[in-house]
Amino acid sequence: MEISGNKFYRLLVKIGRYRTRYTSHRNFLIILSFIVGVLAALAAVLLKVSVQFFEHRVELMNNWMDSNWLSAILPMIGTGISLLLLTRFFRNRLSRGVGFIIHNIVTNKGRIDKRHTYGHILTSALTVGFGGSVGLEAPIVATGAAIGSNTGRDLRLSAKDTVLLLACGTASGIAAVFNSPFAGIIFVLEIFLLDFSIPFFIPLLISTATATVVSQLIYPGKFIFVASESWNVPAIPFYVLLGVFCGLVSVYITWQVDFIEGYFEKRSMNWKRWLIAGIPLCVIIFLLPGLYGEGYSTITSLLKGDYASITAHSLLQSYSQYSWAIILMTVLLVVFKVVCACLTISAGGNGGVFAPSMITGGLSGFLFAYLVNLSGIYQLNTPNFIITAMAGVLAGVMHAPLTAIFLMAEISGGYKLFIPLMIVTAISYFITPKYVKHSVYHKSLVERKILTDTSEHDHF
């Protein structure tokens, strides 16, 4: 039975009286941060597990049929259903991406509509579960932010406390997916441009720690990229070169996002746009099956040394024993991963460029190490270069080097690659703003004068 508005209001009044009588405001916020952490973790794990389950079944079907035509068709279906939901059910009022969260923090006191607490889970699960080449991180961040925001709004908390709970939900979503609580906190501080203070920091610690524990209890099988061994000092010049390469790849990704999404933003969200973006998406995925879905499985295979997997089900599968085939396929995946991500979003899908940036970075690191090792100049540790390049490209695209460093340090099982991570991300972050003034999250907000243009706070 639905609770009426008056009954719900009286319930809130009772909660408020109980809070003032039995606990301080600070302790009440800590309790709420714990609750938000649990809810955000459950939402993140639900989304991740459901998508991975479906992706695995499609992979088994492709192996059984020894073809990838199913992978090519499904993204069209997924983005089509998502488009119908966005336009018919949500009436184009479900904002996608991360930028709208920052917009709400700046202009609406952190208040996010309730539809965002479930809408992103539904549409992104259909998009990525059916093979859309985007990441789930942006929908998870949006869902966590909406959970925190609505918790604060329903309890009639101040704008400052509502933004705090919004930040807790966002950080908890990142922590739950990657098992990286500290990276979740830094993500919030770097991307949302929030002021740091100890009272603000404690609830973030509570929520992210809670989300990590909940995620570990119900979803212990998440990916962990383990660096096989520590880095070597003689390899430092190659890490420097890798940083330059990652910076250039980051610029390419950002330019592609601006160009493709800018082109489709001029068109209405309808079936014509779905066809114009969806058909090229399906053709590219048919030719490059490694672009199906998020793509983390490709990186996992490369880390294990299974280089032939990169050509699986493609036209180059029979040439997987040749180095030129692996190099060619890797280059094509690096070039077209962000293209497929933008086409997926433009066709009506829901997702973000967080995962595509990481995947492109990992492929770039593999390509760099593979070419160096093939040349005989020096033998590089390929997994280390895959991991550090993921951080380098992520730092360049998001303009968030600390998030990239700590995220990859945490999900790689330790901090033994910390120095290479610092070198690669610092160089990539230094190069990218020379060509791309603002991150993919802040650019449109600056252009609309929602954020002030300070050149991302004048890097140097």
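This section describes the internal spaces, the cysteines and two helices of a predicted model.

The largest pocket encloses about 1100 Å³ of space. Its lining is made up of 33 residues, of which Arg 96, Gly 97, Glu 261, Glu 265 and Ser 444 lie closest to the centre of the pocket. Four elements contribute two or more residues each to this lining: helix 4 (99-107), helix 10 (236-265), helix 13 (323-346) and helix 18 (443-447). The largest contribution comes from helix 10, which supplies six residues. Sorted by class, the lining of the largest pocket comprises 13 nonpolar, twelve polar and eight charged residues.

Apart from the pocket, the search for enclosed space returned one cavity of 30 Å³ or more. The volume of this largest cavity is about 40 Å³. The residues around the largest cavity are Ala 40, Ala 43, Ala 44, Leu 47, Ile 121, Ile 140, Thr 143, Gly 144 and Gly 173. Helix 2 (25-65) and helix 6 (137-154) each provide at least two residues of the cavity lining, and helix 2 provides the most, with four. By class, the cavity lining holds six nonpolar and three polar residues, with no charged residue. In the lining of the largest pocket, by contrast, eight charged residues are present.

Helix 4, one of the elements lining the largest pocket, also has a set of buried residues. These are Gly 99, Phe 100, Ile 101, Ile 102, Asn 104 and Ile 105. The buried residues of helix 4 pack against helix 5 (119-129), helix 6, helix 7 (159-178), helix 8 (181-191) and helix 18. Two of these partners recur in the description of the internal spaces: helix 18 gives two or more residues to the lining of the largest pocket, and helix 6 gives at least two to that of the largest cavity. Just after helix 4, Lys 109 adopts a positive phi of about 60°.

Helix 3 covers residues 69-89. At 1.5 Å a residue, the 21 residues of helix 3 are expected to span 30 Å, and the C-alpha atoms at its ends are indeed 30 Å apart, so the expected and modelled spans agree. Just after helix 3, Arg 91 has a positive phi of about 55°.

Within helix 3 lies Leu 74, which counts as buried because its relative accessibility is 9%, below the 20% cut-off for burial. When residues up to four places away in sequence are left out, the contacts of Leu 74 are Phe 54, Val 58, Phe 130 and Tyr 292. One of these contacts, Val 58, is 16 residues from Leu 74 along the chain, and the C-alpha atoms of the two residues are separated by 9.3 Å.

The cysteines were examined for disulfides, and none was found in the whole structure. Cys 342 therefore remains unpaired: the nearest cysteine sulfur belongs to Cys 340 and is 9.5 Å away, whereas a disulfide requires two sulfur atoms within 2.5 Å. Cys 342 is buried, with a relative accessible area of 0%. Cys 246 is likewise buried, and its relative accessible area is also 0%.

Notes: Residues are numbered from 1 along each chain as its sequence is written. This is a predicted model: local features need pLDDT of at least 70, side-chain atom pairs count only at pLDDT 80 or more; totals for chains, interfaces and linings use all residues. Side-chain values use heavy atoms; hydrogens and water are left out. On a 1 Å grid over the protein atoms alone, a cavity is a set of points where a 1.4 Å probe fits but cannot get out, and a pocket is an open set with protein on both sides within 12 Å along at least five of seven lines; lining residues have an atom within 4 Å of a point. Grid points are joined across faces, edges and corners, and a volume is the space filled by probe spheres set on the points. Ala, Val, Leu, Ile, Met, Phe, Trp, Tyr, Cys and Pro count as nonpolar, Asp, Glu, Lys and Arg as charged, and the others, Gly among them, as polar. Buried means under 20% relative accessible area, exposed over 50%, partly exposed in between (1.4 Å probe, protein chains only). Contact means heavy atoms within 4.5 Å. The expected span of a helix is 1.5 Å times one less than its number of residues.
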